[in-house]
Amino acid sequence: MARADPAARRRRLDRAVEFPAKDTLMGWVWLAAIGAGVFALLAVLKVDRLLWTMVASALMLGAAGYALQGQPGLVGHPVTTGLAATPDDGAMLELRDQMLERYTGAAAYLVAADAMTRIGDRRAAVQVLLGGIRIAPKSVVLWTGLANALSAHDANQVSPPALFAFQQATRLAPKHPAPPFFLGLAYVRAGEFAKARPYWAKALALTPSDISYRGEIAVRLALLDRLLAAQDAETPRQ
């Protein structure tokens, strides 16, 4: 195997060193320009000279930090906030609003929590609802909303805090269909379909026949039954 040309290697090394050196020089040029601009502005504004030493100290501190850690040659990249936007489930939100009577004082917290969830800040959604519960600790609307928010926050699992919130909502309104329905929905989203079934059946049983959203619950329960039947049919083949 032929050896690499020493002269070619030196040229590549020189080029590798040359670009960072140019970047570093430009960084210092910009830093000097910023410093000159700051002092010119202080002069124009007629700031007391006693304050100039404070500004100079701050600039020197920044320059020292740049000298130690500045890396102007690094390639830039877009910055992300770490929040992932969550798409709206419009049909489910509409059903929730029908069941929990959107236009109440407590429901205003649901609207705020929805906004937080929409931008992906599920923690803030939980905090909004906790704030509402401190004001109205016996609100089935807020406890059900908190249970939903906790389940979403905990990776769409029925975590112990979420289950506690669902149970508290049930204790406050044992004949209201919303707590069992949304607990069943949380189990569906977690992929635990068999656990969801009794809660949706209970929600349907608690819903009066003349309520507009009864059909919505019945359809979802029927679809869930079909899914469970299909899973049972597949089990012997595996």
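1. A residue counts as buried here when its relative accessible area is under 20%. Trp200 has a relative accessibility of 6%, so it falls in the buried class. Please keep in mind while reading on that this is a predicted model.

2. A word on confidence comes next. The mean pLDDT of the protein chain is 77, and 60% of the residues reach at least 70. Residues 16–21 have a pLDDT below 50, and this stretch makes zero contacts in the model beyond near neighbours in sequence. Residues 75–87 are also below 50 in pLDDT, but here the model has twelve contacts beyond near neighbours in sequence. I would pass lightly over such stretches, because predicted coordinates should not be read in detail where pLDDT is low.

3. On to the overall make-up. The protein chain holds ten helices and zero strands, so anyone following the chain from the N terminus meets α elements throughout, in the order α-α-α-α-α-α-α-α-α-α. Of its 238 residues, 29% are classed as buried. The accessible surface is about 15500 Å², with 64% of that belonging to carbon and sulfur atoms. Among contacts between residues at least 6 apart in sequence, 54% join residues at least 24 apart.

4. Now for the aromatic side chains, where the model has four pairs. One of them is Trp143 with Phe164, an edge-to-face pair with 6.1 Å from centre to centre and 75° between the planes. This pair links distant parts of the chain, 21 residues apart: Trp143 belongs to helix α6 (residues 140–153) and Phe164 to helix α7 (residues 160–172). The two partners differ in cover: Trp143 is buried at 12% relative accessible area, whereas Phe164 is partly exposed at 43%.

5. Why is the pair of Phe181 and Trp200 stacked? Their ring centres lie 5.3 Å apart and their planes meet at 10°; the label follows because planes under 30 degrees apart count as stacked. Phe181 sits in helix α8 (residues 178–189) and Trp200 in helix α9 (residues 193–206), so this pair ties together parts of the chain 19 residues apart in sequence.

6. Finally, back to the surroundings of Trp200. Phe181, its stacking partner, is buried with a relative accessible area of 0%, and Trp200 itself is buried at 6%. Which residues make up the aromatic cluster with Phe181 and Trp200? Phe182 joins these two, and the three form one aromatic cluster.

Definitions and conventions: Residues are numbered from 1 along each chain as its sequence is written. This is a predicted model: local features need pLDDT of at least 70, side-chain atom pairs count only at pLDDT 80 or more; totals for chains, interfaces and linings use all residues. Side-chain values use heavy atoms; hydrogens and water are left out. pLDDT is the predictor's confidence in each residue, from 0 to 100. Contact means heavy atoms within 4.5 Å. Rings of Phe, Tyr and Trp (its six-membered ring) pair if their centres lie within 6.5 Å; planes under 30 degrees apart count as stacked, over 60 as edge-to-face and the rest as tilted. Helices (H or I, at least four residues) and strands (E, at least two) are DSSP runs, numbered from the N terminus. Buried means under 20% relative accessible area, exposed over 50%, partly exposed in between (1.4 Å probe, protein chains only). Accessible areas come from the Shrake-Rupley method with a 1.4 Å probe; for residues, only the protein chains shown count as cover.
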